[in-house]
Every structure is written in C-alpha cells, then in structure tokens.
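Here are my notes on this one, in the order I'd go through them with you. Have the viewer open as you read.

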Amino acid sequence: MIDADRPLSPHVQVWRWHLTMFTSIAHRASGAGLYAGALILAGWAVALASGSAVYDSYRHLMGSPLGKVVLFLLTLGVFYHLANGIRHLVWDSGRGLDIKSANFSAVVAIAFAIVATLVIWGIAITTGAV
Amino acid sequence: MASYRTPLGRARGLGAAHHGASHWLAERVSAIALVPLVLWMVFGILRLASLDYQGAVLWVSEPLNAVLMVLLTATAYWHMHAGMRVIVEDYIHKTLTKAVLLVLNMFVSVLVGSLAIFSILKVALGGAL
C-alpha cells in the first residue's frame, strides 16, 4: 500500500522546476490533448461522410472563436509532441542523455513547436484557410 | 539424469519469452510512422480548411489522400491508445478503477478509430456524393 505521508515520485512539490521536467510533463499533457484532437479529427471524417448539412455545421463549429482556439492549441500540441517525440527516439538510441544535451534539445523542441505553429497559422491566414 | 518434462513445461513460470518489449517497441514504431503522416496531415488540414463540402469529398477521394488518411488514423489511434494506457497505469492505482479506465481507453480507441476509418473509406469510395 502507498503511504501518503511520505513524498512520492516524481516529487513535484519538493523539486526546483527545471526545463527537462517541464518537457517531460508537457509531453504527457500534449499527448493527452492530442487524444482529444484525434477524436475531433474522427468527428471531421464522420461529418464528411454524413453529408453536406452535417459537414457545414462541423466547419461552422471549427471556424468559431472557440474552435480556432482549440485548433491553435492542437497545432502547438502536435508540433511539440512531434519534436519531443523525436527527442525521445534519440534518447532511446542511447544518445543525448547528459544534462547539457538534454537541456539543449529541450529548448530546440519548445522553439520548434512555437515557430512551426506560428508558421502554419501564418500560412493559414495568408491563404485564407482560417 | 534424463528429464521427462517437455520443453514448454520447463519454460513455464520462468518469465517473459522475449515478448515483454513488444508494447514499448510498438509505441516507438508507430511514433516513427507518425512523423511523416502527421506532417502530411497538417498540410492536408490547411488545404481542407479552404475547401467546401464538395471540394473536401473530392480531396478525400484521391487514392493517395484516402490511403494516407486511413494509415494516419490507424497508426494515431494505436499510438494514442498505447500512450493513454501508460498514463492510466502510472497514475491510477485502484485495481477496479484502473481496469475500467484501461477497458474504456481500448473501447473508445477502437470504436472511434473504426468510425473514422469507415467514414474515410465511404467518402473515398463515392458513398458521400
């Protein structure tokens, strides 16, 4: 049984916040968010297969302010999970596990997620997709 | 002294027969497959966002788009099921709650993934026009 009085892993309460800890938590959080994103994508496919009336209301929902916020966060989640997932694959090969490399790749993953999201939304706005 | 036990009888109870890593490995292989599929889908969504119903149906009807969408859906649903399973196993310690959530995760993944794949195929095979 778990004794609730002793500090439990991962010691979130007693550890100083650091970058690699953030990237680890964000990987899980973005993964869970993308779970919802996959359900939204399935909703798109079902709406398309259900005819033009259903599809139009689906597009209307996605085009609403709330829909756009969700899609923006999903874009950020996709690119972060993608970049950090590649980081994990590199780690699985036994490389880049020292603190300096891990901190550097953390910055790269976060920067890629932000830049790629802004680029995609920039394209979306300039091509009139949004 | 000769042993009269079968090879299977001797092996039983001695631990995993090299299949313990399969879940771990499947998550990585699906991750590798998802890298190009997701990048393709991001640009696909950009394209789809500016298309109306008719245009979206025609887009999905193109063989390459239909096949990549089905592969993306199957791989993504496999991967997200595996990821959510690990999250549940890590944080939920009550046996019953854990079992319920693990089964729910599998049922949701299989049901919604199947709905998505069927819908894509229906549209691609001309069932939506």
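Helices (H or I, at least four residues) and strands (E, at least two) are DSSP runs, numbered from the N terminus. Keep in mind that this is a predicted model, where local features need pLDDT of at least 70 and side-chain atom pairs count only at pLDDT 80 or more, while totals for chains, interfaces and linings use all residues. Residues are numbered from 1 along each chain as its sequence is written, and chains are lettered from A and ligands numbered from 1 in the order in which they are written.

1. Chain A first. It has four helices and zero strands, so to speak a plain α-α-α-α pattern along the sequence. The radius of gyration of chain A (taken over C-alpha atoms) is 19 Å, well over the 14 Å from the globule rule for 130 residues, so chain A is more spread out than a compact globule. That rule is 2.2 Å times the number of residues to the power 0.38. The C-alpha trace of chain A spans about 55 × 40 × 25 Å along its principal axes.

2. Chain B has five helices and zero strands, reading α-α-α-α-α. Its radius of gyration is 21 Å, and with the globule rule giving 14 Å for 129 residues, chain B is also more spread out than a compact globule. Along the principal axes, the C-alpha trace of chain B covers about 75 × 35 × 25 Å.

3. On burial: a residue is buried if 20 or more other C-beta atoms lie within 10 Å of its own, exposed if 12 or fewer, and partly exposed in between, with C-beta atoms placed from the backbone. By that count, 25% of the 130 residues in chain A are buried. For chain B, 19% of the 129 residues are.

4. Contacts next: two residues are in contact if their C-beta atoms, placed from the backbone, lie within 7 Å. In chain A, 69% of the contacts between residues at least 6 apart in sequence join residues at least 24 apart. In chain B, 70% of the contacts with a separation of 6 or more come from residues 24 or more positions apart.

5. Now the interface. 28 residues of chain B are in contact with 31 residues of chain A. On the chain B side, H2, H3, H4 and H5 each give two or more residues, and H2(B) has the largest share with eight. The chain B side divides into 22 nonpolar, four polar and two charged residues. Here Ala, Val, Leu, Ile, Met, Phe, Trp, Tyr, Cys and Pro count as nonpolar, Asp, Glu, Lys and Arg as charged, and the others, Gly among them, as polar.

6. Which residues have the most contacts inside the largest nonpolar core? They are A:Ala38, A:Ala45, A:Leu48, B:Val60, B:Met80, B:Ile120 and B:Val123, in a core of 36 residues. Such a core is a set of buried Ala, Val, Leu, Ile, Met, Phe, Trp, Tyr and Cys residues joined through C-beta atoms within 7 Å. H1(A) gives the largest share of this core, nine residues. B:Met80 is worth a click: leaving out residues up to four places away in sequence, B:Met80 touches A:Leu34, A:Tyr35, A:Ala38 and B:Ser109.

7. H4(A) has 28 residues and should span 40 Å at 1.5 Å a residue, which agrees with the 40 Å between its end C-alpha atoms. The expected span is 1.5 Å times one less than the number of residues in the helix. Buried in H4(A) are A:Ser105, A:Ala106, A:Ala109, A:Ala113, A:Thr117 and A:Ile120. Their cover includes H1 and H3 of chain A together with H2 of chain B. Just after H4(A), A:Gly128 has a positive phi of about 80°.

8. H5(B), with 30 residues, reaches 43 Å from first C-alpha to last, close to the 44 Å expected at 1.5 Å a residue. Its buried residues include B:Ser109, B:Gly113, B:Ile120 and B:Val123, and the cover over the buried residues includes H1 of chain A together with H3 and H4 of chain B. B:Gly126, just after H5(B), takes a positive phi of about 90°.
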